[in-house]
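Grab a coffee and open the structure viewer. Here are a few exercises to work through, each with a solution you can follow step by step.

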Amino acid sequence: MTVIGYGTLGTQQKLQPVSFDREPLQAGEIEIDITFCGVCHSDIHQCADDWENTVWPCVPGHEIVGTVARIGDGVSKFAIGDTVGVGCMVNSCQLCAACIAGEQQYCSGPKSATFTYNGPKLPDGTNSYGGYSDSITVREEFVVSIPAVIEPAKAAPILCAGVTTYSPMKHFGLKKGQTLGVAGIGGLGHMAVQIGKAMGATVVAFMTSADKVDAIMAMGAHKVVVMDDVAAVEAATQSLDMMIDTIPYPHDLADYLGFMKPGSTLVVVGNMMQFEAFNPGPMVFNRISAPVR
């Protein structure tokens, strides 16, 4: 099946129309006509080859909402005409312990997980193409239903930015009444603020400039700390039970360790390049966990 999309053919090139062939529909797969696709900062990183792993041509997009157009043999959860969503993965081995446990992102099969674009997690020479296109084919296990109460366009960012920020809150046990910090108020940060509030936390947004203060307060943040406001930074010292760090570029993690209570958790979900060198002393003496998701 020939598909039309937007992609890049090399580093730092602008998106341009491209055509490519999707594999024929297989058993257990769903063909989706794409109606909406969010723009994730990962798309920008991948097109720019910031992670030095881009496979060309690169057709990004992994916040996908669309309508089921065809279903393969054995599909049981969806029907033609359903409104559905697709996130960061479209396939995995389905056989390893991680896949059986429902944690396909840790697939230990020959290719590991297959990302929605930029190919298998363990490169094998093949590529995959994402949601900046008119159609996509995905295994049933990686498709979710979009409830009618959610507008499809608004549902799309939930498939990556929403999951990326909700997952660590759930996994590391954010509790009602605790204080959640959100560093970096971009796409992920906006989601983290809203989800944290919905989970009953007091949400504090940390940003480097004041131009988004009104907008993020309107989204539900209880407090905003601008990082060059010395008094606000001092007042926030050791006030957080958890922080979701969504900043997508290298930055000094030490700037945020002082906000963490003893025994707290700082979760990095944005930066996949590098961090500046920092003194880990506060982590050691305050038993601060700093997992990278």
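Before the first exercise, one term: a pocket here is an open set of grid points where a 1.4 Å probe fits, with protein on both sides within 12 Å along at least five of seven lines. Keep in mind that this is a predicted model.

**Exercise 1. Describe the second largest pocket: how much space lies in it, and which residues are closest to its centre?**

Solution.
- Start with the volume: the second largest pocket holds about 590 Å³ of space.
- Next, look at its walls. The lining is made of 25 residues, and E23, V90, T114, N127 and S128 are the closest to the centre.
- Now ask which strands contribute. Both β6 (89-91) and β8 (135-139) give at least two residues to the lining, and β8 has the largest share, with four residues.
- Finish with chemistry: sort the lining by class and you get 11 polar, eight nonpolar and six charged residues.

**Exercise 2. Work out the order of the strands in the five-strand open sheet, and find which ones are at the edge.**

Solution.
- A reminder to begin with: strands of a sheet pair through backbone hydrogen bonds, either parallel or antiparallel.
- Trace the sheet across and you read β8-β3-β4-β5-β9, with antiparallel pairing.
- The edge strands are β8 and β9 (143-145), since each of them pairs on one side only.
- On average, neighbouring strands in this sheet are turned by 45 degrees against each other, ignoring direction.
- Zoom in on β3 (residues 29-37). With β8 it makes five antiparallel bridges, and there E31 sits opposite T137.
- β3 also pairs with β4 (residues 64-71), antiparallel again, over seven bridges; I30 has I71 of β4 as its bridge partner.

**Exercise 3. Hunt for unusual backbone: where is the cis peptide bond, and what is the phi of E52 and of Q94?**

Solution.
- The cis bond joins W56 and P57, with omega at about -5 degrees. P57 belongs to the loop between α1 (41-48) and β4.
- E52 is found in the loop between α1 and β4, and its phi is near 55 degrees, positive even though E52 isn't a glycine.
- Is E52 buried or exposed? Exposed means over 50% relative accessible area, and E52 has 71%, so it counts as exposed.
- Q94, not a glycine either, has a positive phi of about 70 degrees. Look for Q94 in the loop between β6 and α2 (97-100).
- Q94 has a relative accessible area of 23%, so it counts as partly exposed.

Conventions: Residues are numbered from 1 along each chain as its sequence is written. This is a predicted model: local features need pLDDT of at least 70, side-chain atom pairs count only at pLDDT 80 or more; totals for chains, interfaces and linings use all residues. Side-chain values use heavy atoms; hydrogens and water are left out. On a 1 Å grid over the protein atoms alone, a cavity is a set of points where a 1.4 Å probe fits but cannot get out, and a pocket is an open set with protein on both sides within 12 Å along at least five of seven lines; lining residues have an atom within 4 Å of a point. Grid points are joined across faces, edges and corners, and a volume is the space filled by probe spheres set on the points. Ala, Val, Leu, Ile, Met, Phe, Trp, Tyr, Cys and Pro count as nonpolar, Asp, Glu, Lys and Arg as charged, and the others, Gly among them, as polar. Two strands pair if DSSP finds at least two bridges between them. Axes are lines fitted to C-alpha atoms, for helices over the stretch in contact, and angles run from 0 to 180 degrees between N-to-C directions. Buried means under 20% relative accessible area, exposed over 50%, partly exposed in between (1.4 Å probe, protein chains only).
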